[in-house]
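Student: I should like to learn how the features of a structural model are read. May we work through one together?

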Amino acid sequence: SAQADGNLRHALMEFYLNTIASQDHTLDGKQMKAMAKGENWDKLYQFLESKNGPQCPLGNFSQLDCRKKLKKLRKTVNFLSKYLRQFGGIKHIVAELSLNTGSAIQISDSVEIKNGEVDAVFVLENVNGGITVVVIDWKRSLSNKRSLEQYKRQCQVYIRCIQEKPSLVNQSIGQMKSADIRGCLIEIGGDEGTIPDLVNVDNNPAK
């Protein structure tokens with residue numbers, strides 16, 4: 001049930017970012033609330049049905065259950081909006097970014113990545129014209145400190161993949177070389193009434 005709950009929360013974030021937020025490059029919890037209302041619910045339900053399966057069980061995704069989940073996710077979206085504002089205006093948003101480019105992405109002499117999905121990537125432009133790329137990994141919980149190091153390593157791998165293949169996020173090699181690239185883990189589960197936790201991921205090349 002914990003896996004299904006996490007999968008459903010990921011799917012709700014994917015739907016919001018790829019079909020709503022990416023259109024006007026803004027993050028607004030009110031838009032997310034509207035996803036499970038009226039005619040909007042039909043589109044969301046069809047999307048969730050298409051995602052649900054043996055590889056990605058979503059559990060109970062009734063309208064009422066989704067509304068409950070969206071309470072926390074709206075807080076996450078509003079929290080993220082404030083966090084990203086320090087880096088400038090959003091230029092590009094993508095959720096569940098596929099790393100399957102047709103050929104392996106070489107991230108070190110001994111490690112190559114053949115496939116995978118990055119939960120969310122935001123490309124922002126600051127007032128000086130510089131680019132900041134923020135790579136995000138959604139986590140149902142960040143309370144297990146032992147798992148945290150593993151989650152950070154995973155996010156670091158995603159960052160390296162995007163640095164090696166900037167076209168994944170509509171950037172050129174030149175733009176990526178001068179970009180400020182960051183990673184963070186953000187909580188999308190837990191108590192619906194709490195503000196989400198955010199853990200920054202060290203992007204030191206040596207690590």
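Tutor: Let us begin with contact, which means heavy atoms within 4.5 Å. This is a predicted model, in which local features need pLDDT of at least 70 and side-chain atom pairs count only at pLDDT 80 or more, while totals for chains, interfaces and linings use all residues. Residues are numbered from 1 along each chain as its sequence is written, and side-chain values use heavy atoms, with hydrogens and water left out.

Student: Which residues does His 92 touch, not counting residues up to four places away in sequence?

Tutor: His 92 touches His 25, Val 121, Phe 122, Val 123, Val 169 and Asn 170. His 92 itself lies in strand S1, residues 89–98. Strands (E, at least two residues) and helices (H or I, at least four) are DSSP runs, numbered from the N terminus.

Student: Is His 92 buried or exposed?

Tutor: Buried means under 20% relative accessible area, exposed means over 50%, and partly exposed lies in between (1.4 Å probe, protein chains only). His 92 has a relative accessible area of 17%, so it is buried. Its contact partner His 25 is partly exposed, at 31%.

Student: What should be noted about the phi of His 25?

Tutor: Most residues other than glycine have a negative phi. His 25, in the loop between H1 and H2, has a positive value near 55°. Glu 96 has a positive phi as well, of about 50°, although it is not a glycine. Glu 96 lies in strand S1 and is buried, with a relative accessible area of 16%.

Student: How is one side of a helix recognised?

Tutor: An α-helix has 3.6 residues a turn, so residues three or four places apart point the same way. In H3, Trp 41, Leu 44, Phe 47 and Leu 48 are buried. Because they cover an arc of only 130° around the axis, they are on the same side of H3; the arc is that of the directions from the helix axis to the C-beta atoms. On the other side of H3, Glu 39, Lys 43, Gln 46 and Ser 50 are exposed.

Student: Against which helices do the buried residues of H3 pack?

Tutor: They pack against H1 and H4.

Student: At what angle do H1 and H4 pack?

Tutor: Axes are lines fitted to C-alpha atoms, for helices over the stretch in contact, and angles run from 0 to 180 degrees between N-to-C directions. Helix H1 (residues 2–24) and helix H4 (residues 63–85) pack at about 65°, and their axes are 10 Å apart. Among the residues that meet are Leu 8, Leu 12 and Tyr 16 in H1, with Leu 70, Leu 73 and Val 77 in H4.

Student: Where is Gly 29 found, and which residues is it in contact with, leaving aside its neighbours within four places in sequence?

Tutor: Gly 29 is found in helix H2, residues 29–34. It is in contact with Arg 74, Val 77 and Asn 78. At a relative accessible area of 2%, Gly 29 is buried.

Student: Where, finally, is Ile 107 found?

Tutor: Ile 107 is in the loop between strand S2 (105–106) and strand S3 (112–113). Although it is in a loop, Ile 107 counts as buried at 8% relative accessibility. Leaving aside neighbours within four places in sequence, Ile 107 is in contact with Ile 113, Val 157, Arg 160 and Cys 161.
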